[in-house]
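Here are a few exercises to work through at your own pace. Have your viewer ready, try each task, and then compare with the worked steps.

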Amino acid sequence: MGFVPQVSSAPAGAPSVSPRRALPGSAFLAAARGERPARVPVWFMRQAGRSLPEYRALREGVPMLDACFDPEMLAEITMQPVRRLGVDAAILFSDIVVPLKAAGVDIDIVPGTGPVVASPVRDAAAVRALPKLEPEQVGQVAEGVRLLVERLGETPLIGFAGAPFTLASYLIEGGPSRNHEHTKALMHSQPEVWHDLAARLADIAATFLRAQLEAGVDAVQLFDSWAGALSERDYREFVLPHSSRVLAVAGEYGVPRIHFGVGTGELLGAMREAGADVVGVDWRIPLDVAVQRLGGNVAVQGNLDPALLYASWPVLEAEVRRIVEEGRAARGHVFNLGHGVLPSVDPEVLKRVVDLVHSL
Ligand code: CP3
């Protein structure tokens, strides 16, 4: 897939960056490049979070977004699951709305709810008023990444951004939404306003990723968590070109790019076409079926149902074994959940899953 690990492969005009770590022993990077390392690598979406008592202790009295702009705190929270669980990758502790907040959008994260926007963006004037993100505005995140690159040793660090559709849904709906009705209505009734908004969000996501890449992240994941709400036709027309532009920026740095959404069984091919090296798969379809839908010769990430972490060990063990087996159909397989760790999960169970995957 044309993966070249050296930064020097970036096209002329690309920003100069400190030399990227090589990490030749990383099973995660190998699998993400479509190789078959000696063991299946594993990490968990939302591995840093409320399921860990050390996370709850550190976050006590600190609002989520304050934690995300504190380099020492975000670095420490990122390290916690690596120490406790022995996962094969760290994911930067941040949030998809961090670049919006940094740019000056009035947005907050309400515990138990998610991102909430003071004034929903629903017309051309509101879209035009959306601020741009300057790289300095996410300087604390970049500083956190630099601390992590020093402290993580051989463990690769995954950076991330929210994709234009998922970000747009929060901005347009004003908060989490089941039906995305205002978003879909805007998209179809005022397509030029939609495309203007999505293009601006693509710029913001790209600037956020660039800041992380220049500070040294080893891979990136584009979270289009809610894209599964769209038909493939709408995804291709209204979303793919914008997400593609964000993924192209990461492509300049030669790092593996993971593209993830929930309920995207019908969109997998299109999400790959957007420029992914690894396609994230939720639990709704088996990995071997996903590989078929993707047209083969691709790396996948997934796809244990997060709810099954509450099942008895024999049930969970059988599921993990099945997923590792089905993952052999892919060119590379990164074991993960189909979506994030739920806050009440027992971290001992996560640890047991890591050890089992490594033993298979
Ligand atoms: O995966 C990781 O460990 C890295 C950290 C991470 C967070 N958010 C931390 C977080 C990542 C990758 C995200 C991305 C994110 N944020 C997505 C895409 C991934 C997905 O889950 O689909 C989305 C949709 C959001 C928006 C968001 N932020 C939601 C829905 C919530 C949960 C609200 C709640 O309280 O249940 C947040 C807040 C958030 N982001 C928390 C964490 C650890 C919980 C805040 C807390 O601990 O108080």
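**Warm-up: backbone oddities**

Asn-303 has its place in strand 8 (residues 299–304); helices (H or I, at least four residues) and strands (E, at least two) are DSSP runs, numbered from the N terminus. This is a predicted model, where local features need pLDDT of at least 70, side-chain atom pairs count only at pLDDT 80 or more, and totals for chains, interfaces and linings use all residues. Residues are numbered from 1 along each chain as its sequence is written, and side-chain values use heavy atoms, with hydrogens and water left out.

**Exercise 1.** Find the cis peptide bond that involves Asn-303, and inspect phi of Leu-23.

*Solution.* Step one: the cis bond joins Gly-302 to Asn-303, with omega about -10°. Step two: Leu-23 has a positive phi, near 45°, although this residue is not glycine. Step three: place Leu-23 in the segment before helix 1 (27–32).

**Exercise 2.** Describe the shell around the ligand by class and by element.

*Solution.* Begin with the residues that come nearest: of the 26 around the ligand, these are Arg-46, Tyr-55, Gly-112, Ser-225 and His-339. Here, being near takes a heavy atom within 4 Å of the molecule. Next, sort the shell by class: 15 residues are nonpolar, seven polar and four charged. In this scheme Ala, Val, Leu, Ile, Met, Phe, Trp, Tyr, Cys and Pro are nonpolar, Asp, Glu, Lys and Arg are charged, and the others, Gly among them, are polar. Finally, helix 2 (53–59) and strand 3 (114–117) each contribute at least two shell residues.

**Exercise 3.** Which polar side-chain atoms or backbone atoms lie close to oxygen atoms of the ligand, as polar contacts (pairs of N or O atoms within 3.5 Å)?

*Solution.* Take the side chains to start: an N or O atom of His-339 is 2.6 Å from a ligand oxygen, and a polar atom of Arg-50 is 2.8 Å from one. Then turn to the backbone, where an N or O atom of Ala-48 lies 3.1 Å from an oxygen of the ligand. To finish, check the cover: the protein hides 91% of the 870 Å² of accessible area that the ligand has on its own (Shrake-Rupley method, 1.4 Å probe).

**Exercise 4.** Look up the "binding site" annotation and locate Asp-95.

*Solution.* First, the unreviewed UniProt entry lists Arg-46, Gln-47, Ala-48, Gly-49, Arg-50, Asp-95, Tyr-170, Ser-225 and His-339; such annotations may be inferred rather than shown by experiment. They span 294 residues of sequence and are also spread in space, up to 22.7 Å between C-alpha atoms. Second, Asp-95 belongs to the loop between strand 1 (90–91) and helix 5 (98–103).

Notes. A polar contact is a pair of N or O atoms within 3.5 Å; within protein, one must be able to donate a hydrogen and the other to accept it, and residues adjacent in sequence count only if both atoms are side-chain atoms.
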